[in-house]
Amino acid sequence: MTFAGLLAFFGLAVVTMDVLGGVIAIGVMLRGGTVRNLLAFAGGYTVIVVAATLILRPLLALLDRWLRPVLESHGAISAVEIVVGLALLGFSVHQFRAAARSPTPNGPLEQRSTPRRLATAPLILAGVGFSATALADPAFTIAVGMASQEQRLAAHVLLLVAWNLLYQAPLVAVIIAAAFGKHEQVVTRVLEVLGSRRRALQRGLAVLLALAGLVVLGDGILALVSGHVPVLRQLILLR
């Protein structure tokens, strides 16, 4: 994989980073969870993701000859960009509306949570269920496809491991903090930031989504009208 391909590969993990894992991990710690509980949750997630990766790689190879005409069509890729751009704009509107709503009257999360001992088995099952968020994310399938272009097995595995660690960086960060006994500071800081700056963060996210949506939508329309090669098509061609 070229340097440009690596940038696109890891940039995809950053742009689509799954913050929900970190939120769940913080919730577990607030309810009296331990590092063992977090590792059980991450373990259930990892087993399913690894299994899905092993299934996806040969499946993508099988579908390659059927999908190639679509991937080589500028019109089809442009249509995908237009749909994605509209979806991003829709998410942006949702975030703007969420930022305008008043905070929940139930009080801060730490006041509503009652610490108690958590069982390991349910957290493993929770991790298995949480893996559905990754499997449903098109970025995961794209990452598996991009990594499969690397013929060396060791490099292929290393790329996917690094991508998933970056993709689940919030969850990994909470687990590391808990392992070193720093999770209380992390949880307190996150709650302070989210509590006092919730609306500003949501508005900022809404603006970013709107800008991304306009760029993707504009590129798709421009490609349809002028014959310009869509950016998504250029990313697919990266090796």
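**View 1. V14 in helix α1 of the predicted model.** In this predicted model, V14 has its place in helix α1, and its relative accessibility is 47%. Because a residue counts as buried under 20% and as exposed over 50%, V14 with its 47% is counted as partly exposed. Although V14 and A169 stand 155 residues apart along the chain, their C-alpha atoms are separated by 8.9 Å in the model.

**View 2. H156 in helix α8 and the residues it touches.** Is H156 buried or exposed? This residue, whose place is in helix α8, has a relative accessible area of 5%, and therefore H156 is buried, since the word buried is used for values under 20%. When residues up to four places away in sequence are not counted, H156 touches R57, A147, S148 and E150. One of these partners, A147, also appears among the buried residues of α7.

**View 3. Helix α7 and its buried residues.** Helix α7, which covers residues 138-147, is mostly covered, with seven of its 10 residues buried. The buried residues of this helix are A139, F140, A143, V144, G145, M146 and A147. Among them, A139, F140 and A143 are in contact with W163.

**View 4. The largest nonpolar core.** Which residues have the most contacts inside the largest nonpolar core? They are F9, L38, Y45, F140, W163, Y167 and V174, in a core that has 35 residues. Two or more residues are given to this core by each of the elements α1 (3-15), α2 (20-30), α3, α6 (120-135), α7 (138-147), α8 and α9, and α3 gives the most, with eight residues. For W163, when its neighbours within four places in sequence are left aside, the contacts are F9, F10, L12, A13, T16, A139, F140 and A143, and in this list F9 and F140 are themselves residues with the most contacts inside the core.

**View 5. The second largest pocket and its lining.** The second largest pocket holds about 510 Å³ of space. Its lining is made of 19 residues, and those closest to the centre of the pocket are T46, V50, L160, V161 and N164. Which elements supply at least two residues of this lining? They are α3 (35-71), α8 (153-167) and α9 (169-179), and the largest share, eight residues, comes from α3. Sorted by kind, the lining residues of the second largest pocket divide into 13 nonpolar, five polar and one charged.

**View 6. Confidence along the chain, with a close-up of residues 106-115.** The mean pLDDT of the protein is 78, and 79% of its residues reach 70 or more. Among the elements, helix α5, at residues 109-112, has the lowest mean pLDDT, 44, whereas α9 has the highest, 90. Over residues 106-115 the pLDDT stays under 50, and for this stretch the model has 14 contacts beyond four places in sequence.

**View 7. The helices of the whole protein, as a setting for the close-ups.** How many helices and how many strands are there in the protein? There are 12 helices and zero strands. Of the 239 residues of the protein, 32% count as buried. Among contacts with a separation of 6 or more, 86% are accounted for by residues that lie 24 or more positions apart.

Technical notes: Residues are numbered from 1 along each chain as its sequence is written. This is a predicted model: local features need pLDDT of at least 70, side-chain atom pairs count only at pLDDT 80 or more; totals for chains, interfaces and linings use all residues. Side-chain values use heavy atoms; hydrogens and water are left out. On a 1 Å grid over the protein atoms alone, a cavity is a set of points where a 1.4 Å probe fits but cannot get out, and a pocket is an open set with protein on both sides within 12 Å along at least five of seven lines; lining residues have an atom within 4 Å of a point. Grid points are joined across faces, edges and corners, and a volume is the space filled by probe spheres set on the points. Helices (H or I, at least four residues) and strands (E, at least two) are DSSP runs, numbered from the N terminus. Ala, Val, Leu, Ile, Met, Phe, Trp, Tyr, Cys and Pro count as nonpolar, Asp, Glu, Lys and Arg as charged, and the others, Gly among them, as polar. Buried means under 20% relative accessible area, exposed over 50%, partly exposed in between (1.4 Å probe, protein chains only). Contact means heavy atoms within 4.5 Å. A nonpolar core is a set of buried Ala, Val, Leu, Ile, Met, Phe, Trp, Tyr and Cys residues joined through side-chain atoms within 4.5 Å. pLDDT is the predictor's confidence in each residue, from 0 to 100.
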